[in-house]
Amino acid sequence: SPHVEMTLTAAIEADPNFAMAYTALARQHYLSARAGEAREAIEKAVELSAGVSAREKAHIEIFRLGMTGKPPASLELMKEHLNTFPRDAFALAPACGVFGLIGFSGRVNREPEQLALVEPLAAHYGDDWWFLSAHAFALLEMGQWAKGLEMIERSMAQFPRNAHGAHILAHCLYEGGEDERAANYLEEWLPDYDSDGLLHCHAWWLLCLLRVMQGRLDEVWPMYDAHCVPAKSTSPSI
């Protein structure tokens, strides 16, 4: 979302030596498929890292490795870091979800590996809405959609406008055979979602697929043309 970049830019303007703000900005660029800008921001974070704590240096290095073609090394450093700082969600986030360091690894056992990473951390996060969403998706990918649904509903009760949560909730409903409920949920949730949001294109595309499955083809193309085609979509083309 451009709101994230505006906030981080304001933080950097207030403190040009704020290394962690550059790290967060690098991640935002990376998620938005702006690789050049991401590398520039993370290089700036490294440049400013001399005066930060060891904990912050680990954050910066986790992201530097992940953004410069060394995802296995990034993941290993992350695991080491989480042994000491299990509640560092910012450091954990790149390894969560199907688009993360594990999900995109290509490894045959990536689904159980994902669950094995987050499950031991549950005791540290309690009812935190973000962790519940990450844990729910890991459960879903292992076929435990009913448990995942209960978890993501707890998360969304705390933060209903979380796009990642809405996406996960729809997936859980679909896996449980509730295609119409999943589509109706997205149809109600999506209109107020910022068109620049990370999952805007992807979530509307998911709704299109659900309506195709229901045979409601007359509804699909108008939605697709309005929200998913390159001429209209301003979110990353996920």
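This report describes a predicted model of one protein chain, moving from its overall build to its cores, its aromatic rings and one of its helices.

## Overall build

The chain contains 14 helices and 0 strands, and reading along the sequence gives the pattern α-α-α-α-α-α-α-α-α-α-α-α-α-α. Along its principal axes, the C-alpha trace spans about 60 × 40 × 35 Å. A compact globule of 238 residues would have a radius of gyration near 18 Å, and the value for this chain is 19 Å, which agrees with that expectation.

Of the 238 residues, 45% count as buried. If one takes the contacts between residues with a separation of 6 or more, 52% of them join residues that are 24 or more positions apart in the chain.

## Two nonpolar cores

The largest nonpolar core has 51 residues, and Leu92, Ile152 and Leu190 are the ones with the most contacts inside it. Helix H9, which covers residues 129–141, gives the most to this core, with 8 residues. A second, separate core has 18 residues, among them Tyr22, Ala45, Ile60 and Phe63.

Leu92 shows what the surroundings of one core residue look like: when residues up to four places away in sequence are not counted, Leu92 touches Met78, Leu82, Leu117, Leu121, Tyr125, Trp130 and Phe131. Three of these names, Tyr125, Trp130 and Phe131, return in the next section, where ring pairs link them into a cluster.

## Aromatic rings and charges

A search of the whole structure finds 7 aromatic pairs. In one of them, the rings of Tyr125 and Trp130 have their centres 6.4 Å apart and their planes at 50 degrees, and the pair is therefore tilted, because this angle falls between the cut-offs of 30 degrees for stacked and 60 for edge-to-face. The rings of Tyr125 and Phe131, by contrast, have their centres 4.5 Å apart and their planes at 10 degrees, so this pair is stacked.

Tyr125 and Phe131 are both buried, and for Tyr125 the relative accessible area is 6%. Arg87 also lies over the face of Tyr125, at 5.4 Å from the ring centre. Elsewhere, Arg161 lies over the face of Trp189, at 3.9 Å from the ring centre.

## A buried loop residue

Asn162 is found in the loop between helix H10 (145–158) and helix H11. At 8% relative accessibility, Asn162 counts as buried, because the cut-off for that word is under 20%. Once its neighbours within four places in sequence are left aside, Asn162 is in contact with Trp129, Ser133, Met156 and Trp189; Trp189 is also the residue whose ring face lies under Arg161.

## Helix H13

Helix H13 runs through residues 200–213, and at 1.5 Å a residue its 14 residues should span 20 Å; the C-alpha atoms at its ends are 20 Å apart, which agrees. An α-helix has 3.6 residues a turn, so residues three or four places apart point the same way.

H13 is mostly covered, since 10 of its 14 residues are buried. These buried residues are His200, Cys201, His202, Ala203, Trp204, Leu206, Leu207, Cys208, Leu210 and Arg211, and they pack against helix H11 (163–175), helix H12 (179–189) and helix H14 (217–227). H13 is followed by Gly215, whose phi is positive, near 80 degrees.

Note on methods: Residues are numbered from 1 along each chain as its sequence is written. This is a predicted model: local features need pLDDT of at least 70, side-chain atom pairs count only at pLDDT 80 or more; totals for chains, interfaces and linings use all residues. Side-chain values use heavy atoms; hydrogens and water are left out. Rings of Phe, Tyr and Trp (its six-membered ring) pair if their centres lie within 6.5 Å; planes under 30 degrees apart count as stacked, over 60 as edge-to-face and the rest as tilted. Buried means under 20% relative accessible area, exposed over 50%, partly exposed in between (1.4 Å probe, protein chains only). A charge sits over a ring if NZ of Lys or CZ of Arg is within 6 Å of the ring centre and within 35 degrees of the ring normal. Helices (H or I, at least four residues) and strands (E, at least two) are DSSP runs, numbered from the N terminus. The expected span of a helix is 1.5 Å times one less than its number of residues. Contact means heavy atoms within 4.5 Å. A nonpolar core is a set of buried Ala, Val, Leu, Ile, Met, Phe, Trp, Tyr and Cys residues joined through side-chain atoms within 4.5 Å. The radius of gyration is taken over C-alpha atoms; the globule rule is 2.2 Å times the number of residues to the power 0.38.
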